[in-house]
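Let's take a walk through this structure together, starting with the overall picture and then zooming in on a few charged residues.

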Amino acid sequence: MIQRRPRTSSTTASARATVALLLVLVGCTASPQEESPSASRVTAAPSASSPHPSPSPAGNPADGAPTSLRLTPPPGGSFLVRGLYPPVPTRCRNAERPTLKGRFPGTLRVRRSDDGTMTITVALPFDRYLEGIAEVPPSWPKAALEAQAIAARSYALATTGWSGNEGDSLDHPICATTSCQVYRGIPVPPDPTHRRWVRAVRRTDGQVLLQDGHIATTVYFSTSNGRTYANEEIFGSSPLPYLRSVTERDDGASPSSRWRVRLPFHDLAEFLRAAGRWPHGRAISDARPSGPSVTLRGGGAMRSIDAGDLRDAVNTWAPCLHPGRYPPDTPKGTLPLTIPSRWMRMSSTDDALIVTGRGWGHGVGMVQWGAYGKARRGLSASDILAYYYGGLRPEHHPEPGLIRVQVSSGLTFLHILPSGSGAKMGGSHLGAGSLVIRGGDRLEVSG
């Protein structure tokens, strides 16, 4: 959420780097998952099973081609969705085309955008949405999972402005990425440990954190630098009494708790050249950190680079140009980014820039790895939440019946397979075979 977060399986490091070149990075909630978020590199061939009826146009273009499709799963079933994004020229080594893969237990809406790409949204029961949140490993202690479930429920309801009665529809959609909180649906392939997370969601059914009768915006992040921060310090928003700074001593199991990264000058020059911050044909032979910047010299060139700009350049280009070495491994696991956080300091040797630091994430609210550590010490979910959120403890509150989740956008190709018979497109029944949907000037559907 607002970043993330060890990671639940997605694209490879090189594919993630490709996408990173296209994005303006924003601070978000790091999620400590053991693998990276799920989206696969596999696209299944279209099935040649029984054809389905042509859908009724959802839009009203002159030629009658649909601009939107509504797919209802079989009773009690789901859809396996595979999708492709447009190919993007890249300098990344071993780059693979980013793809989407997920299983979703809800009604799918596929919409064509003005640029011909497709956006896919799923409408599903709110509790099934929570069961598909992929923010922490399901192997974590029971109390940590319950604390995460309550924080995720509160965050979803607060950020979508929920104020309805039990079972009402929630009209405001939520995204499925680290800009909100990570939603992956039913694990693909199946994960037998996922049931531990599902049980945590069900045990905490209806429980949220409230401040003066309003649902608290329970932001969270992966790993601290030894403390958390008040919301106004990081976000510039009005102070909230439940988002105050607290000391953190329990997140030491995180790979990002304390980290050290060595950047040989020849690698650093390569990354900065790719980012347009160091001249071509010049080596780096000296680095002199000073406060929030570093002065680099070599081959007659000299540049003073802000630490934040250097971090952005390295995080974008290191895994792209040297995916086997960056992000580096630590005794506790692979770092989520080459330079995980802005809480860092720089030093140098004769041939390398050394960056040491702590933490990963924006720094506000619950520390996910801290919740892990507190659960290991025997704290309950209620005690964990009260520590991070100004003494607030779980209370019961009405929940919506349905929520809409924007799973992905910018897709050019979708392969959708229902889990069994009984699926529908619009009002027409589909067979048990798969659908292929292509974007472009119109939505093209085949099966």
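Helices and strands here are runs assigned by DSSP, at least four residues for a helix and at least two for a strand, and they are numbered from the N terminus. Counted that way, the chain has 9 helices and 26 strands. Keep in mind that you're looking at a predicted model. The chain has 447 residues, and 53% of them are buried. As for the outside, the accessible surface comes to about 19,000 Å², with carbon and sulfur atoms accounting for 49% of it.

A good place to start is a sheet. Seven strands sit side by side in an open sheet with mixed pairing, and the order is β6-β21-β5-β4-β1-β23-β24. At the edges you'll find β6 (174–175) and β24 (428–429), each of which pairs on one side only. Further in, look at β4 (residues 107–112) and β5 (residues 118–125): these two run antiparallel and are joined by 6 bridges. To see one partnership for yourself, find Thr-107, whose bridge partner in β5 is Ala-123.

Now for the charges. Side chains of opposite charge can pair when their charged atoms come close. How many salt bridges turn up in the whole structure? A full search finds 16.

One of them is between Arg-153 and Glu-399, where the closest N and O atoms are 2.7 Å apart. This pair links distant parts of the chain: Arg-153 belongs to helix α3 (residues 142–159), while Glu-399 is in the loop between β20 (395–396) and β21 (402–411), 246 residues apart. Are the two partners buried or exposed? Arg-153 is buried, because its relative accessible area is 1%. Glu-399 counts as buried too, with 6% relative accessibility.

Next, try Asp-309 and Arg-277, whose side chains meet in a salt bridge at 3.7 Å, N to O. Asp-309 is in helix α7 (residues 307–321) and Arg-277 is in the loop between α6 (265–274) and β12 (286–290), so the salt bridge ties together parts that are 32 residues apart in sequence. What about their surroundings? Asp-309 is partly exposed, with a relative accessible area of 28%, and Arg-277 also counts as partly exposed, at 36%.

Helix α6 is also home to Arg-273. Arg-273 counts as partly exposed because its relative accessibility is 23%. Check the spacing between Arg-273 and Trp-317: they are 44 residues apart along the chain, and their C-alpha atoms are separated by 9.7 Å.

Two more places with salt bridges deserve a stop. The side chains of Arg-288 and Asp-286 meet at 3.1 Å, N to O, and Asp-286 is partly exposed, with 21% relative accessibility. Elsewhere, salt bridges link Glu-248, Asp-250, Lys-374 and Arg-377 in a network.

Let's finish on the surface. Which residues form a negative patch there? Asp-127, Glu-166, Asp-168 and Asp-205 do. Of these, Asp-205 can be found in the loop between α4 (194–203) and β7 (207–208). Residues qualify for a patch with over 30% relative accessible area and no salt bridge. Asp-205 has a relative accessible area of 44%, so Asp-205 counts as partly exposed.

Technical notes: Residues are numbered from 1 along each chain as its sequence is written. This is a predicted model: local features need pLDDT of at least 70, side-chain atom pairs count only at pLDDT 80 or more; totals for chains, interfaces and linings use all residues. Side-chain values use heavy atoms; hydrogens and water are left out. Patches are made of residues with over 30% relative accessible area and no salt bridge: like charges are joined within 9 Å, nonpolar side chains (Val, Leu, Ile, Met, Phe, Trp, Tyr) within 5 Å. Accessible areas come from the Shrake-Rupley method with a 1.4 Å probe; for residues, only the protein chains shown count as cover. A salt bridge is a side-chain nitrogen of Lys or Arg within 4 Å of a carboxyl oxygen of Asp or Glu. Lys and Arg count as positive and Asp and Glu as negative; His and the chain ends are not counted. The place of a charge is taken as NZ of Lys, CZ of Arg, CG of Asp or CD of Glu. Buried means under 20% relative accessible area, exposed over 50%, partly exposed in between (1.4 Å probe, protein chains only). Two strands pair if DSSP finds at least two bridges between them.
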